[in-house]
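Okay, my turn. Let me put the model up and then walk you through a few side chains.

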Amino acid sequence: MAAFAAWLTAALFIPALALALGVTTQSRKPFEALYVIWWYIGPLHHLHTLDFIGTTPQSANTPLYLTATLALLTLTLAFRKLQLARA
């Protein structure tokens, strides 16, 4: 069950990160670069703190990444409202 929770959290975290970076930078390039580097260092090499998928039981940081997902979505919403208010 913990592995499924970690996977589900990753399935929410990745698009939230993409959306937040896309809205704040108005480009897809920062997400593409950051995601490749993060994937290579975290899940691929099992670095526990950066493993957002939880590929090993020691690296299941589900609460941390779920909180980060909610923070990213909140930041994105606030930033987008600010952009629309200025337009």
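So, start at R28, which is exposed, at 58% relative accessible area; exposed means over 50%, buried under 20%, partly exposed in between, with a 1.4 Å probe and protein chains only. Quick caveats: this is a predicted model, where local features need pLDDT of at least 70, side-chain atom pairs count only at pLDDT 80 or more, and totals for chains, interfaces and linings use all residues. Numbering runs from 1 along each chain as its sequence is written, and side-chain values use heavy atoms, with hydrogens and water left out.

Back to R28: its salt-bridge partner is E32, with the closest N and O atoms 2.9 Å apart. The rule is a Lys or Arg side-chain nitrogen within 4 Å of an Asp or Glu carboxyl oxygen, and the count by that rule is one. E32 is partly exposed, at 36%.

Now the inside. Which residues make up the largest nonpolar core? It's A10, F13, A16, L17, A20, L21, F31, W38, F52, Y65 and L72, 11 residues in all. A core here is buried Ala, Val, Leu, Ile, Met, Phe, Trp, Tyr and Cys, joined through side-chain atoms within 4.5 Å. Helix 1 (2-25), helix 2 (29-41) and helix 3 (62-86) each give two or more residues to this core; helices are DSSP runs of H or I, at least four residues, numbered from the N terminus. Helix 1 gives the most, six.

One core member, A10, contacts P15, F52 and I53, leaving aside neighbours within four places in sequence. Contact means heavy atoms within 4.5 Å.

Last one: L12 sits in helix 1 too, and L12 is partly exposed, at 44%. Thanks, that's me done.
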